[in-house]
Amino acid sequence: MTASAEYLIALAGNPNCGKTTLFNAITGARQHVGNYPGITVEKKEGVHLFNGLKLRLVDLPGTYSLTAYSMEELVARDFLALERPQLVINIVDASNLERNLYLTIQILELGIPVVLALNMVDAAASRGIEIDAEELSRRLQIPVIPTVARSGTGKLELLEKTAEVAAENRSWKPLHISYGADIDPVLDQMETDIAGSDFLLDFYPARWIALKYLEADEQVINKGAEVNPELSSRLEALADHVAEHLQKTLETYPEAIIADHRYGFISAVLKAGVVHNSQRSDRLYLSDQLDQVLTNRFFGPLIMLVILYAVYKATFDYSALPVEWLNAGFTTLSAWMQTIIPPGLLQSLIVSGIIDGVGGVLSFIPLILFMFFAIAFLEDTGYLARVAYMLDRVFRTFGLHGSSVMAYIVSGGIAGGCAVPGVMATRTLRSPRERLATLLTAPFMNCGAKLPVFAMLIAAFFPARHAQMMFLLTIFSWIAALSMARIIRWTILRGPSTPFLLELPPYRMPTLKGLLIHTWERTWQYIRKAGTIILALSILFWALMTFPLLPDARKSQFEADRQQILSQLPEDTRTSLMQPGIAQDGLTREIAKASQRIRAIDRAESEATLQHSYAGRIGMALETLTQWSGFEWRTNVALLAGFAAKELIISTLGTAYSLGGADLDAGMSLSRRLASDPQWNRLRAFSLIVFIMLYAPCLATVTCIAKESGAVKWALFSLAFNTTAAYLISAAIYQGGLWMGIGG
Amino acid sequence: MPTVLLRQMAVGQEGVITKVTAEGELGRRIRDMGLVPGTPLRIQGRAPLKDPVAIKLRNFTLSLRNNEADYITVEVDEGK
């Protein structure tokens, strides 16, 4: 053993066995969270120095098995086979040893050295379960260390044993168990065939490969067919032969027989003297009693509504204040920049491009922090699994999963949410198709940034029906999200629902440390990965709305108009009038009037600049299409800006209607302006509301969709799909309305 | 003793799994969770809309959809 030795250690275990708690207890804050290349499964790494040894720990995703069906399992298996850690610390839940050992057996079949952490022995003891760790160790022939990850009990012994075993640098020694008279002979034959040729042996032991052929494991068979097609098809033929025989004689499958024998092996290991259970097995524990209330037919859904609403309220209420501080901070910064940088392109870039962009990125952070804290709390207590259990029947109808509800609610299922944390909330979903369908449809919900636009339009055209309209729009967004999910699951994400089989873990009080680490990791990932992209795209949008600049001829025309007004005033007031933001009071009536006329020219210039910009040109070019929905160029430009951030819709529409920034007190003047505009009517307003509800999610959300789905194509899909859906539906509403004689 | 499909069992009823007929991914998931022949289980409850069903086995609680429970045959204790 050298002083600078470094060992790679993998942590493996079932979900809910306390694996992450143990990982946090060992590595503390010295950990790094990333993703496995190309997929969205998290990869957590941490380093722990122990007696001069460097232990590099990798927390594998929690899995029940090492088959290759889910991403998590594939990742765990590939890590073990390809990265070849010195050993695996396998964490098992002492109260639930039989099922936890199923994974252990599969790791042992692979042959990798294992140290077993017999976790939560305290909770097991309180349920009357005592486990003889020494005897278990003797029977499994691996070290077994009792631990309590929450309190750190047994951590030192575990590390000592880990260091000791790692230093031995053992070669892999696969566990041989018998799978019965039907499987064993052919398994032996296949093992001999494989061992005799150079067939994937760099990765897996021969017997394990043979086992995977019998289990019809696609990943291994595909790899085998690439390396040696002849041997691979021979092995497949052998496996098929056994499968046929088993089907005929026992009506079963090799996989099932193998699983039966693994469980049989576990029973034999645990029999006589390893597990002492001093309580009746049908006793109802506190957790079961809680379930009788919390998942009760009547009280369950009621309590769930209250809890989900409380989570929603807490997330958005607690984050409101920090968001306000951030906004106030950025407003102050913008104002200060405007005083030190002369008006012009540079000022515009810094204020409207960079500061607004950074502000846009940062303003989501309090939301993400609180949302992840709340979700981590629900997840770690075990309640989130109950939510999925209770709501699965409803969401399954739409091709989703019981857990989809969280993402929907956070996104604005209760009006006023935010799709950025909503999309990130889909991480709790483990079924790939259901998860993707959820994250693609969650942005249909009415987020907090869409609400002011709705409020402005409702105030203008449906002033007496504010509450009813908002309620109607909330219902409408749920219908839209669910039916779009159904359509997506029938078309591009077609396929049977992923098996549900969800463990309802015992209720537990989460540790604050665990919650904080979890929350911080997720937030930091957002800042690091999404933040930079959002900022870059915000600047791009600023450029779209700024360039090309108004030609000098037109600029000087506006300037001449201003000078003309000024020339009629006494000399001493001219210079002060040209300063932006001067106090209006204390001026004579004549000067105040002149000042207003100058501001009007300023606003006309802003409108002309916007119309002249790329965004304005795109808006005008789109009129041929959007006239079917009732939108002209001003609306189009505002919608384009709304793609950068929905908050920009009102201010851009204001600019397009020559309303200055200061006049836009919460959109009220815009509301009056639209209400008095003969071109606008209720039908057009409603069509626009529906379009805004459904069209492309904002930049930040789209970026998060790309990150969370692991592919840019899904981000592009959501842009195209949502906008097309919004267009078709709003056009149908507008044209249908015209046909029925409403509006027009 | 009579055998029934897991879906047909009443809340509180106990039994021992005799057969699992699911194949492919579902079959594997079912076995991964410890639902193999010979395993005793008890129906713990049903979700408010009667689906999924929650069962207790090997000292933990598992929920599965009714259409997944249809692949599992259970020998039930009579009189319960």
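## Close-ups of a predicted two-chain model

**View 1. A bridge pair in the middle of the chain B strands.** In β4(B), I55(B) is the bridge partner of I43(B). This is a predicted model, so read every view here as a prediction. I43(B) belongs to a pairing in which β3(B) and β4(B), the latter covering residues 53-57, run antiparallel over five bridges. Follow the chain from one strand to the other and you go round a hairpin, with six residues between the two strands. Look out for K50(B) in that turn: its phi is positive, at about 70 degrees.

**View 2. β3(B) and its partner β2(B).** Here β3(B) meets β2(B), the strand of residues 14-20. These two are antiparallel as well, paired over three bridges. To find your way, start at E14(B), which stands opposite R42(B) in β3(B).

**View 3. An open sheet that takes in strands from both chains.** Step back a little and seven strands line up in the order β10(A)-β5(B)-β4(B)-β3(B)-β2(B)-β6(B)-β1(B). The pairing is antiparallel, and the sheet is open. Which strands sit at the edges? They are β10 of chain A and β1 of chain B (3-5), each of which pairs on one side only.

**View 4. The spot where chain A joins the sheet.** β10 of chain A is just residues 502-503, and it pairs with β5(B) in the antiparallel sense over two bridges. Zoom in on L502(A) and you'll see S63(B) of β5(B) opposite.

**View 5. The side of chain B that touches chain A.** The contact between the chains involves 31 residues of chain B and 31 residues of chain A. On the chain B side, the elements giving two or more residues are α1 (24-32), β3 (40-46) and β5 (60-64). Which of them gives the most? That would be α1(B), with eight residues. Sort this side of chain B by class and you get 14 nonpolar, six polar and eleven charged residues.

**View 6. Two helices of chain A packed against each other.** The pair here is α7 (residues 184-195) and α10 (residues 229-250) of chain A, with axes 11 Å apart and an angle of about 180 degrees between them. Angles over 145 degrees count as roughly antiparallel, which is why α7(A) is described that way relative to α10(A). On the α7(A) side, the contact is made by V186(A), Q189(A), M190(A) and D193(A). From α10(A) come L231(A), L235(A), L238(A) and V242(A). Taken by class, the residues of this contact are six nonpolar, one polar and one charged.

**View 7. Chain A as a whole, for orientation.** Chain A splits into domain 1 (6-168), domain 2 (184-261) and domain 3 (299-446 + 490-543). How far apart are the C-alpha centres of domain 2 and domain 3 of chain A? They lie 45 Å apart. Along the principal axes, the C-alpha atoms of chain A fill a box of roughly 105 × 60 × 55 Å. The chain has 33 helices and ten strands, and 44% of its 744 residues count as buried. Among contacts in chain A between residues at least 6 apart in sequence, 72% join residues at least 24 apart.

How values were computed
Residues are numbered from 1 along each chain as its sequence is written. Chains are lettered from A and ligands numbered from 1 in the order in which they are written. This is a predicted model: local features need pLDDT of at least 70, side-chain atom pairs count only at pLDDT 80 or more; totals for chains, interfaces and linings use all residues. Domain bounds come from an automatic or database domain assignment. Two residues are in contact if their C-beta atoms, placed from the backbone, lie within 7 Å. Helices (H or I, at least four residues) and strands (E, at least two) are DSSP runs, numbered from the N terminus. Ala, Val, Leu, Ile, Met, Phe, Trp, Tyr, Cys and Pro count as nonpolar, Asp, Glu, Lys and Arg as charged, and the others, Gly among them, as polar. Two strands pair if DSSP finds at least two bridges between them. A residue is buried if 20 or more other C-beta atoms lie within 10 Å of its own, exposed if 12 or fewer, and partly exposed in between; C-beta atoms are placed from the backbone. Axes are lines fitted to C-alpha atoms, for helices over the stretch in contact, and angles run from 0 to 180 degrees between N-to-C directions. Angles under 35 degrees count as roughly parallel, over 145 as roughly antiparallel, 65 to 115 as roughly perpendicular and the rest as oblique.
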